[in-house]
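These are my notebook entries on one protein chain. I looked up charge pairs, cores, cysteines and a few single residues, in that order.

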Amino acid sequence: MAAAPFPEPAEARRPADITAGHFFAGVIGVSILRNWYVDGAFNERRLAELRNLANSTEAFPYSLALNPAERDLQSGYREWAANYDGPNPLIAAEEPSVRPILDRYAGAGKRALDAACGTGRHAAYLVGRGCVTTGVDQSATMLAVARAKAPGATFFEADVRATGLPSDEFDLAVISLALCHLPDPTTALIELARILRPGATLIITDPHPDSATAGGQAFYGGITPGQPMTWVRNNYHRASVWLAGFRAAGLRVDECHEVPIDEAGIAANPAALFVPEAVHAAFAGLIAFWVWVVTKPAT
Ligand SMILES: C[S@@+](CC[C@H](N)C(=O)[O-])C[C@H]1O[C@@H](n2cnc3c(N)ncnc32)[C@H](O)[C@@H]1O
């Protein structure tokens, strides 16, 4: 067995704890559900894993109490800001997908907006492409990291649903991994359409509904001693919700990419150290995130 990524628990778990064993059982269950009609021997190996797990719930790693705690947007990103730029498989997969699209629209002197910019990774990139770049976010703590990372951009605190920015201002806007935090993206899309100039492009990345099948949420912390596992709620907007939002905002859909979970993302799953075949069968082929490219029509 490979080295454990988790600290050994100091105390026996309590009956109501949410444990690593529960997570592993879910992964094995999804792997069977997505493949049960293909190969009986595969199913038997999964049942053996489940038997082993059921007989070992008090043993490490299954006994490890994770007890993920939900945080609201404000406190979540206040806590997360210092480590947000650390290894993050979703960001590692997103950047190669979205940066070539940004390259098509960015350029010297273009006015670019990084909406819900967080720690400013896209804002810094747009500055590097010569854009006159603005970033907005609701989290002062995330913005402090962004200001240090991209001193050439202008940042301020605002809700993307009501930015206070002038109408018809930007040649290009990007909003990454943020509309998932809203119950419905429509109000934000209407606001972003307002501040784009006619003919300008909006690029959106957002976690895909398949992420719910993969047990996803905006998790942070949890595998470092003394740092509890915490999460901010994601809403996995369906295609019908996106299309209704674009229509309400008067935005034209030019492209929709559905980017699968890649091998690095699968390998990064903590359960992959213990039940690698199940992890692969559970997650391979699921979509990690959408990339939408939409335009505010010129007339
Ligand atoms: C997962 S982070 C993404 C940050 C950055 N766009 C990136 O891709 O690295 C989500 C960000 O959205 C911001 N956010 C969420 N809802 C927002 C809202 N209604 N208005 C402004 N910012 C918001 C959060 O503060 C957080 O910084």
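I counted a salt bridge wherever a side-chain nitrogen of Lys or Arg lies within 4 Å of a carboxyl oxygen of Asp or Glu. I note that the model is predicted, so that local features need pLDDT of at least 70 and side-chain atom pairs count only at pLDDT 80 or more, whereas totals for chains, interfaces and linings use all residues. Residues are numbered from 1 along each chain as its sequence is written, and side-chain values use heavy atoms, with hydrogens and water left out.

**Entry 1. Salt bridges**

By this rule I obtained 17 salt bridges. I looked up R71 and E79 and found their side chains joined in a salt bridge, 2.9 Å from N to O. For exposure I called a residue buried under 20% relative accessible area, exposed over 50% and partly exposed in between (1.4 Å probe, protein chains only). R71 is partly exposed at 23%, and E79 is partly exposed at 39%.

I next looked up E255, which forms a salt bridge with R104, the closest N and O atoms being 2.4 Å apart. E255 is in strand β9 (residues 252–260) and R104 in helix α4 (residues 89–105), 151 residues apart. Helices (H or I, at least four residues) and strands (E, at least two) are DSSP runs, numbered from the N terminus. R104 is partly exposed, with a relative accessible area of 46%.

The pair R46 and E277 also forms a salt bridge, with its closest N and O atoms 2.8 Å apart. This pair links helix α2 to helix α11, across 231 residues of the chain. R46 is buried at 1% relative accessible area, whereas E277 is partly exposed at 34%. I found that salt bridges with shared partners join R45, R46, E49 and E277 into one network.

**Entry 2. Helix α11**

I listed the buried residues of helix α11 (residues 276–283) as A278, V279, A281, A282 and F283. These buried residues pack against α1 (20–33), α2 (40–54) and α10 (263–267). Just after α11, G285 takes a positive phi of about 90 degrees.

**Entry 3. Nonpolar cores**

I took a nonpolar core to be a set of buried Ala, Val, Leu, Ile, Met, Phe, Trp, Tyr and Cys residues joined through side-chain atoms within 4.5 Å. The largest core has 29 residues, of which L113, I175, L189, L202 and I204 touch the most other members. At least two residues of this core come from each of β2 (111–115), β5 (170–176), α7 (186–195), β6 (196–207), α9 (239–249) and β10 (287–295). Helix α7 gives the most, with 5 residues. Which residues does L202 touch? Leaving out residues up to four places away in sequence, I found A173, V174, I175, L189, L192, L196, L251, W292, V293 and V294. Apart from the largest core lies another, of 18 residues, among them F24, Y62, A271 and L286.

**Entry 4. Cysteines**

I searched the whole structure for disulfides, that is, pairs of cysteine sulfur atoms within 2.5 Å, and found 0. The sulfur of C180 cannot be paired because the closest cysteine sulfur, in C117, is 15 Å away, too far for a bond. C180 is buried, at 1% relative accessible area. The sulfur of C256 is 16 Å from the closest cysteine sulfur, in C180, again too far for a bond. C256 is partly exposed at 36%.

**Entry 5. D137**

I placed D137 in strand β3 (residues 132–137). D137 is buried yet has no salt bridge, and the nearest side chain of opposite charge, R147, is 9.9 Å away. Lys and Arg count as positive and Asp and Glu as negative, while His and the chain ends are not counted. The side chain of D137 reaches the backbone nitrogen of G118 at 2.7 Å. A polar atom of the D137 side chain also lies 2.8 Å from the backbone nitrogen of S139.

**Entry 6. F156**

I found F156 in strand β4 (residues 154–157), partly exposed at 26%. With contact meaning heavy atoms within 4.5 Å, F156 is in contact with T134, G135, V136, D137, L143, R147, T163 and L165, neighbours within four places in sequence left aside.

Note on methods: A polar contact is a pair of N or O atoms within 3.5 Å; within protein, one must be able to donate a hydrogen and the other to accept it, and residues adjacent in sequence count only if both atoms are side-chain atoms.
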